[in-house]
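The exercises below are to be worked with the sequence and the three-dimensional structure at hand. Each task is followed by a solution in steps.

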Amino acid sequence: MPVEVRRSARRTRTVAAFWENGTAVVAIPARFTLAQESEWVHRMLDKLHRQGTKRAQQGKRRPATDAALAAHAADLSTRYFGGRAVPASVRWVSNQNSRWGSATPSEGTIRLSDKLRPMPQWVIDYVLLHELAHLLVAGHNAAFWKLLEAYPDTARAKAFLEGVSFATGRGLGPDGPGPDEPWPGQADAD
C-alpha cells in the first residue's frame with residue numbers, strides 16, 4: 001500500500017497515522033532518526049490494518065476506500081490462504097457491468113465492481129477471496145475451488161450473487177416490475 005511519511009517540527013512527541021486519498025499517512029516528529037521512523041511507520045501501519053480489520057469484522061464500516069479494501073484483502077488472504085495471495089493492488093471500479101470482480105494474476109491486480117458495495121459483507125468477502133484465489137490458481141479448476149472451500153460462506157454467497165444476477169437480468173429490482181407484475185418477455189397468466 002502507498003505510504004507517506006510526514007515529518008513535522010511542531011510535532012514533538014506524538015505519532016499519528018490516518019488514511020488520505022488511499023494513502024497511509026504517518027506523521028512523526030522531525031527529530032526522529034531513520035531507525036525511529038522505520039519502527040514507527042511499521043507500528044502505525046500495523047495499527048491501521050488492525051483498525052480496518054476490526055471495523056470490517058464488526059460490520060461498522062465496509063472497506064470504503066481502495067486502501068481499506070487492500071488491507072481487508074490482506075487479512076482475508078492471511079485467514080484463508082495462509083497469506084499466500086499477495087495482490088499488488090486491490091481497488092473498487094465502476095466499469096464492470098457483467099462481472100463482480102476480476103483479477104490479473106500476471107500483474108497481481110484485483111478489481112471489484114462497485115455494485116458490490118451495498119451487498120452483505122460476507123458476499124464482498126467471497127468475491128474478494130475468489131479473486132485472491134485467482135492469484136494462486138488462474139483458472140476455475142478443481143485446485144481453484146479447493147482453495148475456496150476454506151471460506152464457509154462460499155456456497156451461500158454464490159447463490160446470493162446468482163439470485164441478484166437472475167433478478168437484475170429480468171428487470172427486477174428497485175426500478176423493475178413489482179411482485180405481481182410479469183417479468184419482461186413473460187405472458188400475463190390471466
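The model is predicted.

**Exercise 1. Determine which residues of helix 5 are buried and how they are arranged about its axis.**

Step 1. Locate the helix. Helix 5 comprises residues 154-169, 16 residues in total. From its first C-alpha to its last it reaches 22 Å, close to the 22 Å expected at 1.5 Å a residue.

Step 2. Apply the cut-off for burial, which is under 20% relative accessible area. Thr154, Ala157 and Leu161 of helix 5 are buried.

Step 3. Look down the axis. The buried residues of helix 5 fall within an arc of 70°, so they line one face of the helix. The general rule is that an α-helix has 3.6 residues a turn, so residues three or four places apart point the same way.

Step 4. Turn to the other side, where exposed means over 50% relative accessible area. The face of helix 5 turned away from the buried side carries the exposed residues Ala155 and Glu162.

Step 5. Identify the packing partners. The buried residues of helix 5 pack against helix 3 (121-136) and helix 4 (142-148).

Step 6. Inspect what follows the helix. Gly171 comes after helix 5 and has a positive phi, near 80°.

**Exercise 2. Establish the strand order of the sheet that contains strand 1, and name its edge strands.**

Step 1. Trace the order. Three strands form this open sheet in the order 1-3-2, with mixed pairing.

Step 2. Find the edges. Strand 1 (3-8) and strand 2 (16-20) are the edge strands, each pairing on one side only.

Step 3. Assess the twist. On average, neighbouring strands of this sheet are turned by 25° against each other, direction ignored.

Step 4. Examine one pair. Strand 1 pairs with strand 3 (residues 23-29) in the parallel sense over six bridges. Ser8 stands opposite Pro29 of strand 3.

**Exercise 3. Describe the sheet that contains strand 4, then the helices that pack on it.**

Step 1. Trace the order. The three strands of this open sheet follow the order 4-6-5, and the pairing is mixed. Its edge strands are strand 4 (89-93) and strand 5 (101-104). The twist averages 15° from one strand to the next.

Step 2. Examine one pair. Strand 4 and strand 6 (residues 109-113) are parallel and share five bridges. Leu112 in strand 6 is the bridge partner of Trp92.

Step 3. Add the helices. Helix 2 (residues 66-81) lies across strand 4 and strand 6, running at about 130° to strand 4. Helix 3 packs on the sheet and touches strand 4, strand 5 and strand 6; its direction makes about 155° with that of strand 6.

Methods:
Residues are numbered from 1 along each chain as its sequence is written. This is a predicted model: local features need pLDDT of at least 70, side-chain atom pairs count only at pLDDT 80 or more; totals for chains, interfaces and linings use all residues. Side-chain values use heavy atoms; hydrogens and water are left out. Helices (H or I, at least four residues) and strands (E, at least two) are DSSP runs, numbered from the N terminus. The expected span of a helix is 1.5 Å times one less than its number of residues. Buried means under 20% relative accessible area, exposed over 50%, partly exposed in between (1.4 Å probe, protein chains only). The arc is that of the directions from the helix axis to the C-beta atoms. Contact means heavy atoms within 4.5 Å. Two strands pair if DSSP finds at least two bridges between them. Axes are lines fitted to C-alpha atoms, for helices over the stretch in contact, and angles run from 0 to 180 degrees between N-to-C directions.
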